[in-house]
Amino acid sequence: MQRDLTGIFHAQQDAFTQAPFPSLTIRRERLGRLARMTKRHQHDIVRAIQTDFGQRSETEIRLAEISAVLQAITYTRRRLWHWMRPQRAGMPWRLLPAKARIAPQPLGVVGVMAPWNYPWSLALMPVIDAFAAGNVVMLKPSEYASHTSALLAKLIPQYFTEEEFSVIEGGVDVAEVFSALPFDHLLFTGSTQVGRKVALAAAANLTPVTLELGGKSPAIVAADADLEHAAAAIVFGKGMNAGQTCIAPDYVLVESRSLEAMIKALTQAIAHQRPNDKEATSAISERHQQRIDSLLNEARDHGCRIIDAGPHAPVLIIDPTQDLAVMREEIFGRCLPVIAVKSFDDAIGYVNARAHPLALYAFTNDKTLQSTLLQRTRSGALVFNETLLHHAVPSLPFGGVGESGMGTYHGRHGFERFSHLRGIFYQAKKPTSRLLRPPYRRWLLKLLG
Ligand code: NAD
């Protein structure tokens with residue numbers, strides 16, 4: 001297996017060396033093939049993902065897996081010519097009339113390690129950015145979404161040569177070897193725990209990494225918030241994919257005086273959005289389901305108030321103590337702890353006492369509170385009065401900070417992530433810089449102040 005992986009890696013490296021700067025046409029054409037593959041095989045994609053999950057909402061698959069990829073490709077193809085153009089850079093007056101430019105250059109072979117929760121889109125979104133930047137790609141899909149992984153492995157060779165895009169299937173043993181390949185860049189999406197291991201493996205090669213990790217993303221509900229709207233947005237974010245979303249609101253912080261009203265609003269939103277099992281999604285495996293059950297059972301055994309509207313709906317856990325696993329671990333499932341805090345300030349203190357989240361959701365229209373959050377907290381993204389939708393804005397950088405990850409992608413940010421921004425200096429025909437060279441003139445010292 002190791003020889004195969006290394007063999008494919010070297011074949012890609014050789015192919016890249018032969019053509020290290022693909023033209024705009026080639027890059028747009030590769031993106032076009034990615035779009036055609038996704039569009040033509042959408043039924044197979046839906047079926048594979050549904051088989052992986054046992055049950056998953058077709059609407060959510062079309063929205064978050066298929067349409068998300070197609071829209072990202074359209075956005076990128078339209079703007080690529082502009083991103084690829086070298087940009088003018090300023091020049092200090094002492095060095096004029098020299099000129100400076102910043103020229104984005106492809107990196108080479110990019111490795112992408114994908115998770116199981118959105119097994120089509122989170123495998124291909126980084127590939128879109130890597131192709132846009134002119135690279136070739138090796139993809140390792142998740143073994144937990146084995147049918148989608150097999151579909152990627154079947155389709156990609158029909159649309160791409162192995163030298164431009166290869167798929168490596170396998171479990172942890174393959175993932176370990178994969179992360180140790182001397183990529184020119186490695187993007188990993190997964191847990192913080194495995195992210196650490198991937199970063200260590202990459203460090204041995206000085207391979208730059210982008211880590212798209214997880215963590216507990218809070219939703220703060222301020223006193224001025226429209227509770228009905230806040231509840232609808234939070235239940236939407238938690239309900240999507242049964243909570244198996246890296247940016248799902250993990251828990252809710254609400255001021256004590258609004259606690260009961262918020263619980264009522266959340267209960268109504270759950271009844272409205274998740275009335276039956278038609279659009280339901282299951283946990284990816286029996287093991288993942290058992291983990292969620294055990295979080296819930298532990299909270300129940302500790303005497304927490306629990307409001308459960310059925311096996312596929314978000315389940316409210318009111319005011320769990322901090323020692324419970326549901327408050328220590330990223331939930332990644334349907335549990336939704338609702339915690340009362342004395343004030344908005346206390347909510348900020350609560351968030352700041354924990355690892356920086358991937359997303360921080362806040363429900364308030366108060367401009368002072370909004371700017372307080374902006375200045376006093378840190379998170380991958382800060383979202384007001386909504387959940388999840390920032391992921392669908394291609395002009396926003398997407399990524400975490402601290403334990404929720406490093407480096408961002410999507411749109412131009414992704415293009416730059418997978419490019420080397422090369423500084424170029426053009427000396428003029430009659431350079432003034434000759435005046436800077438020895439033998440140094442006395443006036444030079446004066447000029448330097
Ligand atoms: P995971 O970290 O458990 O597993 C990811 C992959 O890592 C697996 O496919 C496995 O083969 C591989 N792996 C395991 N041990 C390894 C090792 N020692 N070296 C190299 N690779 C190894 O993550 P998951 O269960 O696939 O996904 C869930 C996590 O991903 C959650 O924490 C979630 O928040 C996060 N996530 C983040 C984003 C984001 O964009 N930031 C998106 C989706 C999911």
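How many C-beta neighbours does Asp319 have inside 10 Å, and is Asp319 buried, exposed or partly exposed? The count is 13, and Asp319 is therefore classed as partly exposed. The model is predicted. The report starts with unusual backbone geometry, then turns to strands and helices.

**Backbone outliers**

Most residues other than glycine have a negative phi, and most peptide bonds are trans. Asp319 departs from the phi rule: its phi is near 45°, a positive value. Asp319 sits in the loop between β11 and α12 (325–328). Leu206 is another such residue, with a positive phi of about 55° although it is not a glycine. Leu206 belongs to the loop between α8 (192–203) and β7 (209–212). Leu206 has 7 other C-beta atoms within 10 Å, so it counts as exposed.

There are cis peptide bonds to note as well. One runs from Leu96 to Pro97, with omega near 5°. Another runs from Pro438 to Pro439, with omega near 0°. The table collects these backbone features.

| Site | Feature | Value |
|---|---|---|
| Leu96 to Pro97 | cis peptide bond | omega near 5° |
| Pro438 to Pro439 | cis peptide bond | omega near 0° |
| Leu206 | positive phi | about 55° |
| Asp319 | positive phi | near 45° |

Where do the prolines fall? Pro97 is in the loop between β1 (87–89) and β2 (99–106). Pro439 is in the loop between β16 (419–426) and α16 (442–448).

**An enclosed strand**

Strand β3 covers residues 109–113. Five of its five residues are buried, so β3 is largely enclosed by the rest of the structure. Both faces are covered. Val109, Gly111 and Met113 lie on one side, and Val110 and Val112 on the other. β3 runs parallel to strand β4 (residues 136–140), and five bridges join them. Within that pairing, Val112 stands opposite Leu139.

**The seven-stranded sheet**

Strands of a sheet pair through backbone hydrogen bonds, either parallel or antiparallel. Here, an open sheet of seven strands follows the order β10-β11-β12-β9-β8-β13-β14, and its pairing is mixed. Its edge strands are β10 (305–308) and β14 (381–384), each paired on one side only. Neighbouring strands are turned by 20° against each other on average, direction ignored.

Inside the sheet, β8 (residues 217–221) and β13 (residues 359–363) run parallel and are joined by three bridges. Val221 has Phe363 in β13 as its bridge partner.

Which helices pack on this sheet? One is α9, which touches β8, β9 (249–255), β12 (335–341) and β13. The direction of α9 makes about 160° with that of β9. Another is α11 (residues 286–301), which touches β10, β11 (315–318) and β12. The direction of α11 makes about 40° with that of β12.

**Helix α9 against helix α10**

Two packed helices are described by the angle between their axes and the distance between the axes. For α9 (residues 227–239) and α10 (residues 259–273), the angle is about 55° and the axes are 8 Å apart. That angle makes α9 oblique to α10. Their crossing is right-handed.

From α9, the contact draws on Leu227, Glu228, Ala231, Ala232, Ile234, Val235, Phe236 and Gly239. From α10, it draws on Ala261, Met262, Ala265, Leu266, Gln268, Ala269, Ile270 and Gln273. By class, 12 residues of this contact are nonpolar, three are polar and one is charged.

Technical notes
Residues numbered from 1 in each chain as written. Predicted model: local features only at pLDDT ≥ 70, side-chain atom pairs only at ≥ 80, totals over all residues. Axes fitted to C-alpha atoms, helices over the stretch in contact; angles between N-to-C directions. Helix = DSSP H or I, 4+ residues; strand = E, 2+ residues; numbered from the N terminus. Parallel < 35°, antiparallel > 145°, perpendicular 65-115°, else oblique. Left-handed = near helix turned anticlockwise from the far one by under 90°. Contact = placed C-beta atoms within 7 Å. Nonpolar A, V, L, I, M, F, W, Y, C, P; charged D, E, K, R; others polar. Buried ≥ 20, exposed ≤ 12 C-beta atoms within 10 Å, placed from the backbone. Pairing = 2+ DSSP bridges.
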